[in-house]
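Me: I should like a close look at one part of this protein, namely a place where two helices meet. Please explain it in connected prose suited to a first-year student.

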Amino acid sequence: MRLTIRIVSFVLCLTALSGCISTKSYVDPQYHHASYSDIARPAPPYTLSVKVEFQRNGVDKPAADPQVRADIERSLRASGVAVPYDGKTPAEGELSFVLNNVADTGAAAGKGFGTGLTFGLAGSHITDGYEMTVRLTQGTTITERAYSHAILSTIGNASGPPGLTPVSLGAAFNQVVDDLVLNAIKDLQAAGMLPPMRAATKSAAPSI
């Protein structure tokens, strides 16, 4: 999230000569396929080892991994399906996330510069695309899914998508993470993984 904000911040620096220019972000609704109410919650939740990797245009950005991991773990806990492995109880599998921010930083800078020269009268649109690969490993079973999402940000006198409510870039990123995680969990459960009904634990045969 912080790295995404840096892109917009860089653009805003280029538009500083125009004074205060408003920036608004919108979450693309076409990628919202699941809500928290759509998820079947097991009791207790699964304990999973969580791995997170953040990229920009396919290049690892490890400085952002802790923040993105915190956002993903927040969504996982809120889903009620899984909690991150804490090193105390046995892990029941591994859930890995690779989040790639597909951003055209050159085009973003050019648009921002043009907005600044026109003092915000000519607004700009910047799209941050996101691609997430989710892999669940349980024993020898590996299930992998790929997902996409996008945030549209407007700078200056630019109209946002009709019918959508503008939010801060941070709030938009949180919604993107929620959508991606919930979409993945919903699909995994549809595939029979992380089911709400746990298999009964076999009791040891009594000694005679």
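Reply: What follows begins with the whole protein and then turns to the meeting of two helices. The model is a predicted one. The protein contains 4 helices and 7 strands, and along the sequence these are arranged in the order α-β-β-β-α-β-β-α-β-β-α. Of its 208 residues, 42% are buried. Contacts between residues at least 6 apart in sequence were also examined, and 81% of them join residues at least 24 apart. The protein exposes about 10700 Å² of surface, with 57% of that area supplied by carbon and sulfur atoms.

The part chosen for a close look is the meeting of helix α2, residues 65-79, with helix α4, residues 169-190. Two packed helices are described by the angle between their axes and by the distance between those axes. Here the axes of α2 and α4 come within 9 Å and cross at roughly 55°. The two helices are therefore oblique to each other, an angle of this kind being neither under 35 degrees nor within 65 to 115. The crossing of α2 past α4 is right-handed.

Which residues of α2 and α4 make the contact? From α2 come Val68, Asp71, Ile72, Arg74, Ser75, Leu76 and Ser79. From α4 come Phe173, Asn174, Val177, Asp178, Val181, Leu182 and Ile185. Sorted by class, the contact between α2 and α4 comprises 8 nonpolar, 3 polar and 3 charged residues.

Technical notes. Residues numbered from 1 in each chain as written. Predicted model: local features only at pLDDT ≥ 70, side-chain atom pairs only at ≥ 80, totals over all residues. Heavy atoms only, no water. Axes fitted to C-alpha atoms, helices over the stretch in contact; angles between N-to-C directions. Parallel < 35°, antiparallel > 145°, perpendicular 65-115°, else oblique. Left-handed = near helix turned anticlockwise from the far one by under 90°. Contact = heavy atoms within 4.5 Å. Nonpolar A, V, L, I, M, F, W, Y, C, P; charged D, E, K, R; others polar. Buried < 20%, exposed > 50% of the residue type's maximum accessible area, 1.4 Å probe, protein only. Areas by Shrake-Rupley, 256 points an atom, 1.4 Å probe, with all protein chains shown as cover.
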